[in-house]
Amino acid sequence: HGQARHEPPSPTLKMPSRRNAEDLAHVSAAVAQNKASSSASPLLMLTYFVVAVVVSSLPVYLFTKPMFGEGKAPLGEEHLTTIAGVTLVSAVSLVVAYSSHADKQKKLIAADREAFVRRETGRSAIVTVPDVEPAAWSVFFNNAAFLAFFLTTAFYLLPRLDLATEINYGVSVAGPALVVALFAVFKVW
């Protein structure tokens, strides 16, 4: 009973150094910015919509000319509701595709840049990616895919079915836009 009890030292709280507090604040701000920027800003969404309306309304010109065979009437003023509806559906579909694809690209770019920093410096870092780079790539990529699907559908597949011009227009414009949007949302590409 003459043994002294050795108790472990009581835990002490270390106050973070000023440098650690600044690093923590920087990391917290970067994480908050990355979370906030994963959804597109209203200005970026407006830009997407304007581009999508232009892209999805360009095929109207082709369908207002008598180019799809003998006996088929081109689209005229009596088809304005069809043109407006198809353009709106296509534009909204392309906006969804632009936004989904840009979010995915932004995450991939951030991961690649973080890996580069880690490889080069041996330390991990939080990298913020501006919205412009993934947005520009998304618009380019999805417009190219839409154009490829549109041209294939409008000039190769549907003319073989001998459909009315307004049906050919609706399917060949809205169909590719919906396919591109589905591919972007389900991250096929």
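**Exercise 1. The surface patch.** Helix 4 (80-121) and helix 6 (165-185) each supply at least two residues of a nonpolar patch; in this predicted model, work out which residues form the nonpolar patch on the surface and how much accessible area they have together.

*Solution.* Step one is to list the members: the patch on the surface is formed by Phe-49, Leu-88, Val-92, Val-96, Leu-182, Val-185, Phe-186 and Val-188, and together they have about 710 Å² of accessible area. Step two is to ask where the residues come from, and here helix 4 gives the largest share, which is three residues. Step three takes one member as an example: Leu-182 lies in helix 6, and because its relative accessibility is 47%, between the limits of 20% and 50%, Leu-182 counts as partly exposed.

**Exercise 2. The overall make-up of the chain.** Determine how many helices and strands the chain has, and what share of its residues is buried.

*Solution.* Begin with the secondary structure, which comes to six helices and zero strands, so that the order read from the N terminus is α-α-α-α-α-α. Turning next to burial, buried residues make up 31% of the 189 residues in the chain. The accessible surface of the chain comes to about 12400 Å², and carbon and sulfur atoms hold 66% of this surface. As a last step, consider the contacts with a separation of 6 or more, of which 78% are accounted for by residues 24 or more positions apart.

**Exercise 3. The length and cover of helix 5.** Check whether the span of helix 5 (residues 132-157) agrees or disagrees with the value expected at 1.5 Å a residue, and then find what covers its buried residues.

*Solution.* The expected span is 1.5 Å times one less than the number of residues, and because helix 5 has 26 residues, it should span 38 Å. The C-alpha atoms at its ends are 36 Å apart, which agrees with that expectation. For the second part, collect the buried residues of helix 5, among them Pro-134, Ser-138, Asn-142, Phe-146, Phe-150 and Ala-154. The cover over these buried residues includes helix 2 (42-57), helix 3 (59-63), helix 4 and helix 6.

**Exercise 4. The largest nonpolar core.** Identify how many residues the largest nonpolar core has and which of them have the most contacts inside it.

*Solution.* The largest nonpolar core has 28 residues, and Tyr-48, Leu-94, Tyr-98, Phe-146 and Tyr-169 are those with the most contacts inside it. Next, sort this core by element: helix 2, helix 3, helix 4, helix 5 and helix 6 give two or more residues to it, and helix 4 gives the largest share, eight residues. Now follow a single residue of the core: with its neighbours within four places in sequence left aside, Leu-94 is in contact with Ala-52, Val-55, Ser-56, Phe-146, Ala-177 and Val-180. As general background, nonpolar side chains tend to be buried together in soluble globular proteins.

**Exercise 5. The salt bridges.** Locate the two salt bridges of the structure, and decide for each partner whether the residue is buried or partly exposed.

*Solution.* In one salt bridge the side chains of Asp-131 and Lys-106 meet, at 2.6 Å from N to O. This pair links distant parts of the chain, since Asp-131 is in the loop between helix 4 and helix 5 while Lys-106 is in helix 4, 25 residues apart. Because its relative accessibility is 26%, Asp-131 counts as partly exposed, whereas Lys-106, at 9%, counts as buried.

The other salt bridge joins the side chains of Arg-113 and Glu-133, at 2.8 Å from N to O. Here too the pair links distant parts of the chain, with Arg-113 in helix 4 and Glu-133 in helix 5, 20 residues apart. Arg-113 is partly exposed because its relative accessible area is 30%, and Glu-133 is partly exposed with 37%.

**Exercise 6. Positive phi values.** For Asp-162 and Lys-187, state the phi angle, and find where each residue is located.

*Solution.* Start with Asp-162, a residue other than glycine whose phi is positive, near 55°. Asp-162 is found in the loop between helix 5 and helix 6, and because its relative accessibility is 60%, Asp-162 counts as exposed. Lys-187 is not a glycine either, yet its phi is positive, at about 55°. Lys-187 is found in the segment after helix 6, and its relative accessibility of 45% is why Lys-187 counts as partly exposed.

Terms used. Residues are numbered from 1 along each chain as its sequence is written. This is a predicted model: local features need pLDDT of at least 70, side-chain atom pairs count only at pLDDT 80 or more; totals for chains, interfaces and linings use all residues. Side-chain values use heavy atoms; hydrogens and water are left out. Patches are made of residues with over 30% relative accessible area and no salt bridge: like charges are joined within 9 Å, nonpolar side chains (Val, Leu, Ile, Met, Phe, Trp, Tyr) within 5 Å. Accessible areas come from the Shrake-Rupley method with a 1.4 Å probe; for residues, only the protein chains shown count as cover. A salt bridge is a side-chain nitrogen of Lys or Arg within 4 Å of a carboxyl oxygen of Asp or Glu. Helices (H or I, at least four residues) and strands (E, at least two) are DSSP runs, numbered from the N terminus. Buried means under 20% relative accessible area, exposed over 50%, partly exposed in between (1.4 Å probe, protein chains only). Contact means heavy atoms within 4.5 Å. A nonpolar core is a set of buried Ala, Val, Leu, Ile, Met, Phe, Trp, Tyr and Cys residues joined through side-chain atoms within 4.5 Å.
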